[in-house]
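Colleague: Before we go through the helices and their charged pairs, could you put the model on the screen?

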Amino acid sequence: FVGGTATALTPVATRAWWRDYNDPMLTQLVERGLAQNLDVAAARERIREAEANLRATGVNASVDGSLSSARTRSGSDGGATTTATSNELSASLVLDMFGGVRRAREAAKADLAAAQADLEQTRLAWLAELIAAYSDARYYQEAVALARDTIRTRNETVGVTQNQYNSGAETEYDLAEAQALLDSAKADVPSYMAEFNANVFAIADLLNEPAAPLMAQMQKGAPQLKVPGSGKIGVPADLLRSRPDVRYYEELLHAAVADVGVSTADMLPSISLGGTVNYADGAKSWSFGPSLSLPVFNQGLLKAQKDAAVSQAKQAEIDWRSAVSGAVEDVQVAQSNLTQYKLKSAALQKSAASYGRAMELAQENFRGGAITLLDLLDIDRSTASAKISAASARNEAAKEWATLQIAIGAGAAVGN
């Protein structure tokens, strides 16, 4: 893929990459949530189901046995009474001449591997949601702080304008415009707080925990997440080993091909060995011998079932190919986005710093009468916008780094 390197990555599935953010609370939330999230718990149960299905295949599916016992009493009033006892044990074993039982077990193993890959998919999807919600929560906290700084600055502007209005240097219109800009900044705070609260509630849901304790902890504040560094993405072949969704569809393909083998075996003769041991009234008897089953009159039905299995295998192959193509696209998009958002974030940070300095100078000049109120308010609006834009770009870059890690399958096996 575009942006790939010639160096293969070391195994990334067990790498706890979220620790690279150096945010202790995020690390704590991730590692606590991996153990108690309901989606992850449901995926683990699907693995247990697949394990049970696997145990039901092979010899367990080809051996049958039964034991029966009966005791009877006969006689009538005044007559002799006799008791008869009968015990019978029978068993049968299907000979896997054409591999049908082996292919069924192979399909069950593939289903188990698919369930294990599905758990890793679920874990990565959960990680993506949690880190995005946490990063957004910290961004909106920063936005609230920036809005309050803007309110403080505009309060000062209103105060200066009020004094100048009282002295006749400014008009009532100028005072109203300064006050309107202050009120606009105050109105931003509730909307930012609503977004912060919504993201904290989302984190609580992802952790399967009540929101109140988490809200109290998050309200203490922390800096926005930073991009840990340039992400290495390795060679495209790494995705075949690391991406759980690719392995999931590969195992579904494996299972579907094995099911074709089962359908093929169903069309062929089958032999089973059976035996019976009987004990009745002290007399013992036994029988043993093979039995042959010839699927002659239902060949049309069996052929149709095989054709359906072949079609399902071809569909599974298409799904697998699509998963590989999608994985490559995910990495390319995430790598491109990370590169561009980092550049954007750096440029906007410089812009915000420059506007901050310009705002300081504009305030001094306005107090000294060197610039008009209109000039000051224009600089004020631009400064507030630049600071919010810089914080937003930093948030997007931090999330894109997580997206890239997930795109290469990093961290999928943590917690297995």
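Colleague: How far apart, in helical turns, are Glu360 and Arg357 in helix 9?
Modeller: In this predicted model, Glu360 forms a salt bridge with Arg357, the closest N and O atoms being 3.0 Å apart. Both count as partly exposed, Glu360 at 42% relative accessibility and Arg357 at 46%. Because they are 3 residues apart in helix 9, which covers residues 299–368, their separation is about one helical turn.

Colleague: Is Arg152, which meets Glu156 in a salt bridge, buried, partly exposed or exposed?
Modeller: The two side chains come to 3.6 Å, N to O, and as Glu156 and Arg152 are 4 residues apart in helix 4, about one helical turn lies between them. An α-helix has 3.6 residues a turn, so residues three or four places apart point the same way. With buried meaning under 20% and exposed over 50%, the 46% relative accessibility of Arg152 makes this residue partly exposed.

Colleague: What distance should helix 2 span, at 1.5 Å a residue?
Modeller: Helix 2 runs over residues 38–55, which is 18 residues, and the expected span is 1.5 Å times one less than that number. The end C-alpha atoms are 26 Å apart, in agreement with the expected span of 26 Å.

Colleague: Against which helix do the buried residues of helix 2 pack?
Modeller: The buried residues in question are Val40, Ala43, Ile47, Ala50 and Leu54. Seen down the axis, they fall within an arc of 70°, so they line one face of helix 2. The face turned away from that buried side carries exposed Leu38 and Arg55, whereas the buried residues pack against helix 4.

Note on methods. Residues are numbered from 1 along each chain as its sequence is written. This is a predicted model: local features need pLDDT of at least 70, side-chain atom pairs count only at pLDDT 80 or more; totals for chains, interfaces and linings use all residues. Side-chain values use heavy atoms; hydrogens and water are left out. Helices (H or I, at least four residues) and strands (E, at least two) are DSSP runs, numbered from the N terminus. Buried means under 20% relative accessible area, exposed over 50%, partly exposed in between (1.4 Å probe, protein chains only). The arc is that of the directions from the helix axis to the C-beta atoms. Contact means heavy atoms within 4.5 Å. A salt bridge is a side-chain nitrogen of Lys or Arg within 4 Å of a carboxyl oxygen of Asp or Glu.
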